[in-house]
Structure formats: structure tokens, C-alpha cells
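Dear colleague,

Please find below the structure I am handing over to you. My findings follow directly after it.

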Amino acid sequence: MKLKSSKSKNIIFLLLIMFSFSCTKTTEKTNNDVKGEDSHPSLILTAKGVKDIRAQLGNIPIFDNSLQVVKEEIDAEIASGIEVPIPKDYSGGYTHVRHKRNWVVLQKAGVLYQILNDEKYAKYVKDMLMQYEAMYRTLPLHPKTRSYARGKLFWQCLNDANWLVYVSQAYDCIYNYLSEEERNKLETNLFKPFADHISVDSPQFYQRVHNHSTWGNAAVGMIGLVMNDEELIDRALYGIKDLKLDTEEKDDDGGFLNKDGKAGFLANIEEPFSPDGYYNEGPYYQRYAMYPFLVFAEGLHNVKPDLKIFEYKEGVLLKSINALLNLSDADGDFFPLNDGQKGMSYYNDALVTAVDISYHFGTQDAGLLTIASEQNKVLLDDSGLAVALGIKNGKAKPFDKKSINLSDGPEGKQGGVAILRNKDIELVFKYASQGSSHGHYDKLSYSLYEKGDEVIQDYGLARFVNIEQKGGGNYLKENKTWAKQTIAHNTVTQNETSHYNGEYEIGSQNHPDLHYFSSDNKSVQVSSAKVANTYPNTDMQRTLAVIKDEDFEKPFVLDIMQVISNKANQYDFPYYFLGQVLNTNFEYTIPKTLKPLGSKNGYQHLFVEGNGKSKESNAKFSWLNKGKFYTLSTISDTKDEILFTRIGANDSEFNLRREAAIMFRRKNTKNTLFVSAIEAHGSYSPVSESAINSKSNIKELKVVIDTADYTALAITTLNGSSKIFITANTNASNEAKHTLKINNKNYTWVGSYYYK
């Protein structure tokens, strides 16, 4: 909510009067004057930070507005009374939602007490914590049994850990308000047993490398910092001492609980993050895990500065924020790689935390101030103050998203994700590792965006998060039967079987490798990657380029997929386009009855809506999406089947979105080459009812050379101009010198590709 300046000034004036009045109180409990940097609060909000914030109130607009919004929110909660119900529901149910709401309210109320020095907020936090203490002493495991690790307040330990991460901050804020007897009561009957339950009582949840255990480690560590409990702090950093789990045991998503024995907060920094800051589960879960990573790291920085947590693994936590922001489209929505929900963006509160902490503890990147301004709120703590002052002092500059290659794996040697950006076009090329239990079987897949709108989509996850009517808000069975399967992605499926046979054990042991990434030429951005063992004795290599050429209105995409196998196979290659079909240059038939394309591995969820073949050397397909035209031109063979498919077969509960694809099927083939171009062109206005540049500019796409060392394409436009694109399939170093004869003409260049 953005307040008008006059209203904001009046509100801040009233807050200052209230603050001034509250400071005159002399009772011991309300005398919370700053005593020095070593006193409480010291976790996220520090004693020095409180002093600095109080000194700036009324002069820092974005902070003042954020403070007023939180004050109004918490005042309304206080007026409505405290609710601490006996847990009984899954995600989305009343008790689940209420306890989630309580952890947010407690944290915010604690912060308000520190900033405004108003006893009513501390009393509210204390009263609610005492109700939790009274309930928790005799609280059994949650009655819902679906989770591999049941909590007490929630159906899964993960949410219990969420609760403790936030409530630790509230406890830190009112620590000095409480008497020693009250603190002992809370720590003995609530906080210590709570920390034990999500750790030593639930090692299958806690003792692993996963976003779940990151929350668990942070929760135990943060309450340990507040209580000055070294045992809990060590347990958080290094895991449960002398504990070994069954290396073959799996979680609800099919991932190993602890295959290699690594555990603890430091291991959760070391293993999932690459040196570039890419998180192997993908941006959706990186966003989810960033909050515990960063708030616990901030607490460690404040309480245990000698640990130098923000320098650990060459500062990867702060690097990861830059990586995560670059994994978003033009609108700030994260690319839905692996299990990712579409629409999750950097406007999420976890990213407010990430941006503020990154600015405060990092290099004060002025681009982060622009994102913070777009988020229109800051944290009510030291880092939020730093951002607010930076914005007030006019330091903000645009956050510049450029083409970027992010390596995957602890050492950056397990593939990665390349993002090619050219004008308004963004291409996301995923050649990453399996991505833990949230990974998909989608090697060398890609998605395409224009101005933040999906053109060629990645489906993301099959889940309605926190919507109780849909499987209790949890993952649906279709996440495994559809969303994770190879055919759900824009890549090649062989013999109607997913990569690695859809087996996590195999997928987690293999990964693609980068062949080359080139973004120095602003007009031609290229990435190429290879993968072996997705299928026995089959290798694939894909090269994707986004090219800005004066003969084209907008940058266009070249897509070269090479498949080499020792036997004949069936290859299916879909493009999941979004929009309305306009026309094709090939004939197709529409079945009278819709039938599934297959019986398993995701094929059972695809209806066949059309079947055709191309008589031309190029099959062309055009569609309209959100007022913009697109054309796919694919080099075709007369034997190729062209299928129109739609998601939704064998989905009686309507758990899947009814979206379409055009699929190229090539049967009885050993080695093959799929080559396509996608043009973004023109526009349509329903207001003026005018269609501008609605047709493709490509006359012909042709392979002129395809050897083990090189693949060369000729792109001929309607006006007769022709360009050559050559990619080096073997030696693609930046220094490599190449000479290639095509149609009696020598092409010479240095580097990985040629375009002219």
C-alpha cells in the first residue's frame, strides 16, 4: 500500500508523539532503551539498529510507509484477539493458516515493540507465546500422517521450522521485556523441545541437504542464538552429531534423505549452490530457501562475527541473490524451472529480505535500490534502514539484466542454466543437473519470453499451493505423472520414455555439460550444451541462438538439436506454445474422438487434437499471443508426423492446465537433426482492429553442412537476403580458428560460431 505524502507525514508525526510518550515510561518492563550493541535485540534487528532507526523516523519515506502498513496490520490483529487453535488441518485449512498467520504476526509485533517502544506489542507477543507454551507441553504429533516428517503445530516439520524461524525473531525483540522466570518457562517448555522435535526427533527432516533442512537448521540455530545455547548453534551449523541415516531412504518427492551423510547449515550452503550462486532446486525453491539462509546468516553475522558467514564459500550467499534476480523475466516473475509455481516473483517477502540484506551486507549495488523501490517496502531492521537511506539519497540505478550463464553443482561442473537476452526477447536454456527431488527430467529444454510474456512455456509444477480443495494444497499426483516427465518439456523424448527412465537414482548421477556460451556480441547471443546417458547409447547436443538482424523486426531464435544413437528410435519434439493458432503451411486432420497419445510417462495426459505431414522442406506454424505474432519454421521431412496435442487426458479432477503443443515425431531413425527458427513479429490491436506485420519473414531455413565438427544453416528471407549461421560442434573455444568450405566458398572465423 502506498500512502500519499501528506497522510504519511501526519501518521509519522503521530508515531513520533507516541514514541516520545512511551519513552517517558519508567516501569522496569517498558524501559527498553538501547543498552549497547551486545544487548537484545541482536539477531536481525540490532540494538544499534534500533537506535539508528528511531533517529531517522519521519525522514525515510519507504521505511516510514512500511512501518505504518505493519502497524495498521498488527493493531488490527491485536484488536481481534489471540487465536492458538489445536492443530488438525493440512495446508489451506483453518488451523494451518492460523498458525502460519501467528508466526508472521509475532515477528512483526516484536519489531514494532523495538521501534516504537510501545508495551502493548511486547505484551501481545508474550501472551501469545505463553498460550503456545501451555499447548505445546502436551501436544502430540500432528494428526495428519501424509508427511515423511510430521510436525506438531503443522502436518509437516517444514512448517514447524518456518514457525520457529520467525518466532525466534519475536522472542529476541521482547527478550529484555520478559522476566527471567518467564524466559525460563518459554525456553524449557516451548523453545528447546520445539527445536529438539524438528531436529533430533526428526532426523529424516533435519539431517540432510535440502531446502527443508535449511529451514530446520536456521530455526534451531536462530533460537539457539537468542538463548545463547551453543549446543543448538553447533547442531544448526554442523548437523546432529554422530548420527547416520539410511542412505537409501527417500522423502515424499522421491529424493534421497541423506545419500552422502552431509548435513547442517554450512553443508546446505556448500552443496546446493554453485560458485555462480545458482541453487540446484531452481529459482522457485531458491526463493523459498533464501529467507532462512539469509536471516540465519544475518543473525550469525551479528552474534558470531568471527564465523564470517557472508564470506563462506567465496561469498556465495550474496552472489546467489544476484543469480536469483537474473532468473526472473521482465516482470520480475521467476522462471518456473523444475518444481516452480508460475507467478512467483521478486515481489515476494522473501525477496524483500534478500534485496535488503544483499544491499546492506554486500557491495551496495545501486541496482538493488531500484528493485526495492519497485517492491515498495523494506524490512523494519538495520538492512531495511540502509536501503531506505540509499533510496532517499538518490543512489538508485536500474538493475540491468543481461545475458548470463549460471553454472550448476558445488564446483560449477554439473551443467547450468543460460539466459539469452536480446531486446525484449528472453530465452532460458536449462542444461542443469537433476535438481534434487524437485528436479524434472528435462535435459536441454528451454522456454521463451517476450516482454515478460511466455511464448514457449515451461509447465512448472502440478500443485495448487495452499489451496485446500486441491489435494490439501500439496503436490498432486500429476506432478509425477506429468510435470516431471520429459514429454512435458520442450526437448526430445526417445521412444516415449523420459530421460534417465524417469528414475531419480540415475538422473542424480548424470548431468549435461556446457559446450559454449557467448554473449559478447550484443546482436548474437548463443549457448550450446551436450548430454550423454539420458538414454543408453544416445547423445544429444543443442545449440540455441537469439539473433538481432536488420532484416528482422525483432530478434529471432535459432534452435539446433542433434541426436546421435546406435540404433533406430522414435523421437518426439514438442513446442508448448501459448496463444491462438493462426495458420500452417501443411495439411492436418482432426480426429472425431479425442484419445491419449500414449499410456505412460506423461503421454497418457496428452490428447491428440490433430495429425498432419508437411510436403514442404519447411513446416511453418503461426500463432497469436497477447497481441503479438509468432512463427515457428522447422526443417521437415515428408515422413515426419506433426501432431497437435493438448494437456488434459486422464485428468478427471482437472488438476492440469488445458494447454497446447505442436509436436514433431520422427520414427525409425538413428542419428537426426532437428532445426527450427522462431520469429516474434508484428502486433495486433483489438481497439484499432489492425494487424501489423503478421507474417513470417523467413522464406527458407536450410541445413547446408552437418558433420561431427560443424553444423551450418542458411536463413533466407522474403526479400532474398541470406545469412549463414555455423556452430562448432567439437572445438568451440574462444581462440579456436576455423575454416569451412560451403558451396565452394570459404568461411573463416575465430570462436565458437559464425553468423553473417
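In this predicted model, the charged end of Arg-183 is placed over the ring of Tyr-175, at 4.4 Å from the ring centre. A second arrangement of this kind involves Arg-657, which lies over the face of Tyr-459 with a distance of 3.9 Å to the ring centre.

Aromatic residues also meet one another. The count of aromatic pairs comes to 41. Phe-265 and Phe-293 form a tilted pair, because their planes stand at 50 degrees, between the limits of 30 and 60 degrees; their ring centres are 5.7 Å apart. Phe-265 belongs to helix 11 (residues 265–270) and Phe-293 to helix 12 (residues 283–303), so the pair ties together parts that are 28 residues apart in sequence. Phe-265 is buried, its relative accessible area being 0%, and for Phe-293 the relative accessible area is likewise 0%, which makes this residue buried.

Phe-586 and Phe-644 provide a stacked pair, with 6.2 Å from centre to centre and 20 degrees between the planes. This pair links distant parts of the chain, 58 residues apart: Phe-586 is in the loop between strand 12 (580–584) and strand 13 (587–589), while Phe-644 is in strand 17 (residues 641–647). Both Phe-586 and Phe-644 are buried.

There is, in addition, an aromatic cluster with the members Trp-103, Phe-154, Tyr-166, Trp-215, Tyr-284, Tyr-285, Tyr-288 and Tyr-291.

I turn next to helix 5. This helix covers residues 119–136, and its 18 residues should span 26 Å at 1.5 Å a residue. The C-alpha atoms at its ends are 25 Å apart, which agrees with that expectation. Buried residues of helix 5 include the tyrosines Tyr-121, Tyr-124, Tyr-132 and Tyr-136, and also among them are Met-128, Met-130 and Met-135. Lys-126 and Glu-133 are buried in this helix as well. The cover over the buried residues of helix 5 includes helix 3 (61–80), helix 4 (94–116), helix 6 (157–174) and helix 7 (180–197).

Two residues deserve mention for their backbone angles. Glu-496 is not a glycine, yet its phi is positive, at about 55 degrees. Glu-496 is located in the loop between strand 6 (493–494) and helix 18 (504–507), and its relative accessibility of 24% counts as partly exposed. Asn-693, also not a glycine, has a positive phi of about 50 degrees. Asn-693 occurs in the loop between strand 21 (690–692) and strand 22 (698–706); with a relative accessible area of 38%, Asn-693 is partly exposed.

Finally, some values for the protein as a whole. Its secondary structure amounts to 18 helices and 27 strands. The radius of gyration is 28 Å, close to the 27 Å that the globule rule gives for 756 residues, so the protein is as compact as a globular protein of that length. The C-alpha trace spans about 90 × 55 × 50 Å along its principal axes. Of the 756 residues, 62% are buried. Among contacts with a separation of 6 or more, 68% are between residues 24 or more positions apart. The protein exposes about 29500 Å², of which carbon and sulfur atoms supply 48%.

Yours sincerely

Methods: Residues numbered from 1 in each chain as written. Predicted model: local features only at pLDDT ≥ 70, side-chain atom pairs only at ≥ 80, totals over all residues. Heavy atoms only, no water. Phe/Tyr/Trp six-rings, centres within 6.5 Å; stacked < 30°, edge-to-face > 60°. Helix = DSSP H or I, 4+ residues; strand = E, 2+ residues; numbered from the N terminus. Buried < 20%, exposed > 50% of the residue type's maximum accessible area, 1.4 Å probe, protein only. Lys NZ or Arg CZ within 6 Å of the ring centre and 35° of its normal. Expected span 1.5 Å × (residues − 1). Contact = heavy atoms within 4.5 Å. Rg over C-alpha atoms; globule rule 2.2 N^0.38 Å. Areas by Shrake-Rupley, 256 points an atom, 1.4 Å probe, with all protein chains shown as cover.
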